[in-house]
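This report describes selected features of one protein model. It covers helices, salt bridges, aromatic rings and open or enclosed spaces.

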Amino acid sequence: MSDTPDTPSPPKFVSSEGATFEARLKANLRTLSWLDAGRVRVYAAMILVAYVPMMVKVFREATGSVGSDFLAFWGAGRLLQTGPAARVYDLVAEHAAQMAAGTGQMVAYVNPPPYLFLAAPLGLLPYAAAWLVWALSGWAVWFLVARRALPNAGGAGTLVVLAFPAAYLAASHAQNGFVTGALLIAAVLTLRRSQALSGALFGLLVIKPHLALLVPFWLAAGRKWTAVAAAAASAAALCLASLLVFGIDTWRAYPQSFAVSQTLMAQTSGEFFLRMSTPYAALRVLFGTTAALYGQAVITVITGALACLYWRRAPSDEAAGAMLLAATALASPYLFSYDLPFLIMPIAFLIGMGQREGWRPWEKFLLVLIWLSPLATRAAALPLGINLMPIPAAALLWLVWSTWAPAKVGAAPE
């Protein structure tokens, strides 16, 4: 045995109860039992108040020299008031219409013709007024739908939904995340009551079909045949209505927008992809196009399979819907942070499960991080040069998938 004395171990911080600081911290994070309804209300209200000056800043930029994605919708609306609808896909006509906004910027309109039903009224208003109406009314409509996903949580639940960071992103970009989010959430929540209505709502996602990538397979796996038929009929009816209202020339001109999308996706700079929130975008920045394509294909197949298989163990249609929406955040290759307001539904589902059955270890802590993640990962993407959103999206998928387990160990329901 060596005569050299043992190296003294570093001192441990010990509380009066004898527990180490590290152990107490781990225990607190494991249960997060201190985060009760009262504290949730306060923290969510603080975040909601913080959005006010943030939105003011964004509005000034959107109506100033920076511009906004909303220019595409407003410009299309302006063109619909003054001539043939097919001009919305003419870059020269779009540029001329958007110059009336005074920003000096131009954003190409790439949505399919059925989306013009939403864009048309916007052209009746001045650009600044239309921006505000679109952003704030969208937030309100989405909230009224999304609040139904958390019906028994009182004022805390209301603020958790209203202050969801993905909602701020949708509003600050004046994009269509509120519309698609409301459709996805409403379709899921109405499935148990009316397959026909649920399917009809899913069908309206023809305005942004890549968000409904998993829907046909998911409905078929759940044997919701009435919903499948209603979705097909709804999508077909909306396309037919746009054909009748906006004309065949508009549909013929629509493929012109594909060139714009191809140009965007062909960029070699990572900035565009860092603004996305998909596995494809993350892999594209780190490993290049080929790895991104194959990687996203594998992830899409796996998440789609999980969403379909979950029907066998889902405690309810609502649980299966939560799985669908959680999977959608990973399955779609083309998704931005402003598209993510629909994630409040699986988050709300897990909150409801925790309140009813007790919280699993680390579940509440993970949900807080996931709730914050759309804004946090977007803010970190450009400075760090990496898109981290697939990580919390995968964590959300795992949390929903594992809710079938009968044993839930943790703090008592609150």
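P383 is found in helix α20; helices here are DSSP runs of H or I with at least four residues, numbered from the N terminus. With a relative accessible area of 66%, P383 is exposed. The cut-offs are under 20% relative accessible area for buried and over 50% for exposed, with partly exposed in between, using a 1.4 Å probe and protein chains only. P383 and L274 are 109 residues apart along the chain, and their C-alpha atoms are separated by 9.9 Å.

The structure is a predicted model, in which local features need pLDDT of at least 70 and side-chain atom pairs count only at pLDDT 80 or more, while totals for chains, interfaces and linings use all residues. Residues are numbered from 1 along each chain as its sequence is written, and side-chain values use heavy atoms, with hydrogens and water left out.

**Cavities and the largest pocket**

L274 also appears in the lining of the largest cavity, together with R275, M276, S277, S337, P374, T377, R378, A381, N387, L388 and M389. A cavity is a set of points on a 1 Å grid over the protein atoms alone where a 1.4 Å probe fits but cannot get out, and lining residues have an atom within 4 Å of a point. The count comes to two cavities of 30 Å³ or more. The largest cavity holds about 50 Å³ of space, where a volume is the space filled by probe spheres set on the points, and grid points are joined across faces, edges and corners. Helix α20 gives the most to this lining, with four residues.

A pocket, in contrast to a cavity, is an open set of points with protein on both sides within 12 Å along at least five of seven lines. The volume of the largest pocket is about 1,300 Å³. Its lining has 48 residues, and D69, V107, Q175, F336 and Y338 lie nearest the centre. At least two lining residues are supplied by each of α2, α3 (70-82), α8 (165-173), α14 (256-265), α15 (271-274) and α20 (363-384). The largest share, seven residues, comes from α14.

**Salt bridges**

A search of the whole structure finds seven salt bridges. A salt bridge is a side-chain nitrogen of Lys or Arg within 4 Å of a carboxyl oxygen of Asp or Glu. The table gives three of the seven.

| Basic residue | Acidic residue | N to O distance |
|---|---|---|
| R39 | D36 | 3.4 Å |
| K57 | E61 | 2.6 Å |
| R252 | D249 | 3.4 Å |

In the first row, D36 is partly exposed at 32% relative accessible area, and R39 is partly exposed at 37%. K57 and E61 are four residues apart in helix α2 (residues 37-62), so about one helical turn separates them. K57 is exposed, with a relative accessible area of 51%, whereas E61 is partly exposed at 29%. E61 and T103 are 42 residues apart in sequence, with a C-alpha to C-alpha distance of 8.9 Å.

R252 and D249 are three residues apart in helix α13 (residues 248-253), so they too are separated by about one helical turn. R252 counts as exposed at 60% relative accessibility, and D249 as partly exposed at 46%.

**A nonpolar patch**

W34, V42, Y43 and M46 make a nonpolar surface patch of about 400 Å². Patches are made of residues with over 30% relative accessible area and no salt bridge; like charges are joined within 9 Å, and nonpolar side chains (Val, Leu, Ile, Met, Phe, Trp, Tyr) within 5 Å. Accessible areas come from the Shrake-Rupley method with a 1.4 Å probe, and for residues only the protein chains shown count as cover. M46 lies in helix α2 and is exposed, at 52% relative accessibility.

**Aromatic rings**

How many aromatic pairs does a search of the whole structure find? The search finds 27. Rings of Phe, Tyr and Trp (its six-membered ring) pair if their centres lie within 6.5 Å; planes under 30 degrees apart count as stacked, over 60 as edge-to-face and the rest as tilted. Y51 and W139 form a tilted pair, 6.0 Å centre to centre with 50° between the planes. This pair links distant parts of the chain, with Y51 in helix α2 and W139 in helix α6 (residues 127-146), 88 residues apart. Both Y51 and W139 are buried.

Ring pairs also link F70, F73, W74, Y89, Y109, Y115, Y127, W134, W251, Y254 and F258 into a cluster.
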